[in-house]
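Colleague: Could you take a close look at one part of this model for me? I would like the second largest pocket, and then the strands and backbone outliers you can describe.

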Amino acid sequence: MSITRWDPVCTRPDGLVAPSRTDSSGRAGPTWRAANGPRWRKVGPGLYVPSSANVCVEQRIVEQAARLRPNGRSGCVTAWAALRWRGAAFFDGLAPGGEVELPVPLSLGGAGAKLRAAPGCHLERISLSLSDRELVAGIPVTTPQRALFDEVRRRGSLWSAVEAIDMAAAAGLISVWLFATYVGNANSRNGAPLARHAVSLAVDESRSPRETWLRLVYTQLANLPEPIVNEPVYDLDGNLLGIPDLFDPVAGLVVEYDGEHHKSIEQHRGDVTREQRFRGVGLEYVSVVRGDSRRAAAARILGVRSRALFLPPSQRAWTLERPPWDPAPETLDARLVRLGKVEELTHA
């Protein structure tokens with residue numbers, strides 16, 4: 001799969017196999033005898049795939065979607081699975097901790113009520129309008145906004161809901177502004193209060209779940225002003241100093257989350273050099289590491305921020321003003337507007 005460690009976008013892998021039903025001739029599917037042998041694996045009532053089929057999250061989605069009508073009228077894949085199918089990498093189908101697989105969520109229409117529960121999926125009987133359904137690469141899925149709403153509702157907690165919105169935006173599926181518009185039109189729907197609260201705390205610029213967690217620690221636990229997220233900082237000659245996870249321009253504070261990949265010698269060397277560049281222009285620097293609790297992280301941030309210089313703009317040796325060689329990229333909102341996606345992503 002074409003996904004780097006912290007790339008919020010992924011592509012579907014090659015070699016996904018659609019389940020087959022038994023066929024007495026063995027041409028359209030396995031014979032009954034073959035289906036019950038070691039070369040085939042049962043994935044649902046009457047559905048089989050070769051045992052050699054790659055077991056990945058996208059394959060699990062394909063297997064469960066085979067129970068639905070291709071036109072989506074019996075229901076759709078939704079929530080995290082629909083977002084993953086559309087290329088949002090951090091919706092990996094695993095529960096917190098990364099070890100337990102989540103069941104593939106299927107949102108059912110009227111006829112879909114006839115589907116029976118089966119291992120590997122979660123059935124939910126919620127009305128779907130025709131505008132909620134789309135066919136993507138042969139799989140009936142809910143629209144990005146409906147899938148994200150269902151995922152927020154499925155998660156059920158504020159910080160996790162904010163993470164879902166951030167990561168959908170990071171994948172370019174929908175912006176915070178457009179999802180807020182959609183949520184504003186879904187006031188009577190179950191889960192709308194949580195979605196409205198979560199979207200008020202979400203941003204388009206976060207690039208990983210732990211960056212979102214770090215920002216919420218900063219604003220919700222440490223009660224500090226909203227930081228700048230993933231914005232390049234330069235010296236006064238226009239040289240790039242780095243792109244902090246979080247940056248407090250008033251205090252002059254760089255806040256970084258150092259996850260597992262920061263343990264390598266090469267990465268650690270780069271981190272130290274980067275920290276030196278920031279400190280060389282008078283910026284304070286704090287790292288939060290994997291395993292820190294929310295309260296420990298908030299306490300460390302507050303302690304380091306108390307030592308920051310809080311310099312006025314005239315005395316700063318750094319700037320957020322982009323030099324000519326590094327123009328600002330197109331924002332997610334601007335790109336979705338340019339592509340004519342606003343109405344499509346906000347209808348409820």
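Modeller: Here is the pocket, followed by the strands and a few backbone angles. Keep in mind that this is a predicted model.

The second largest pocket has a volume of about 510 Å³. Its lining counts 19 residues. Closest to the centre are Glu205, Arg207, Pro329, Glu330 and Thr331. What is the make-up of the lining by residue class? The lining of the second largest pocket holds 8 nonpolar, 8 charged and 3 polar residues. Two helices each supply at least two residues of this lining: α5, residues 158–170, and α11, residues 332–338. The largest share comes from α11, with 3 residues.

Now the strands. An open sheet is formed by 3 strands, in the order β10-β9-β14, with antiparallel pairing. At its edges stand β10 (240–242) and β14 (318–319). Each has a single partner strand, so one side of each is left without a neighbour in the sheet. Strands of a sheet pair through backbone hydrogen bonds, either parallel or antiparallel. Strand β9 covers residues 233–235 and pairs with β14 over 2 bridges, in the antiparallel sense. Which residue of β14 is the bridge partner of Asp235? That partner is Trp318.

The loop that leads from β8 (228–229) to β9 contains Asn230. Asn230 has a phi near 50°, a positive value in a residue other than glycine.

A hairpin is made by β6 and β7, with 2 residues between the strands. Strand β6 spans residues 133–136, and strand β7 spans residues 139–142. These two strands pair in the antiparallel sense over 4 bridges. Val136 has Ile139 of β7 as its bridge partner. In this hairpin, Ala137 takes a positive phi near 50°.

One further residue with a positive phi belongs to a helix. Ala79 has a phi near 55°, again in a residue other than glycine. Ala79 lies in helix α3, which runs over residues 79–85. Is Ala79 buried or exposed? Ala79 has a relative accessible area of 3%. The cut-off for buried is under 20%, so Ala79 counts as buried.

Notes: Residues are numbered from 1 along each chain as its sequence is written. This is a predicted model: local features need pLDDT of at least 70, side-chain atom pairs count only at pLDDT 80 or more; totals for chains, interfaces and linings use all residues. Side-chain values use heavy atoms; hydrogens and water are left out. On a 1 Å grid over the protein atoms alone, a cavity is a set of points where a 1.4 Å probe fits but cannot get out, and a pocket is an open set with protein on both sides within 12 Å along at least five of seven lines; lining residues have an atom within 4 Å of a point. Grid points are joined across faces, edges and corners, and a volume is the space filled by probe spheres set on the points. Ala, Val, Leu, Ile, Met, Phe, Trp, Tyr, Cys and Pro count as nonpolar, Asp, Glu, Lys and Arg as charged, and the others, Gly among them, as polar. Two strands pair if DSSP finds at least two bridges between them. Buried means under 20% relative accessible area, exposed over 50%, partly exposed in between (1.4 Å probe, protein chains only).
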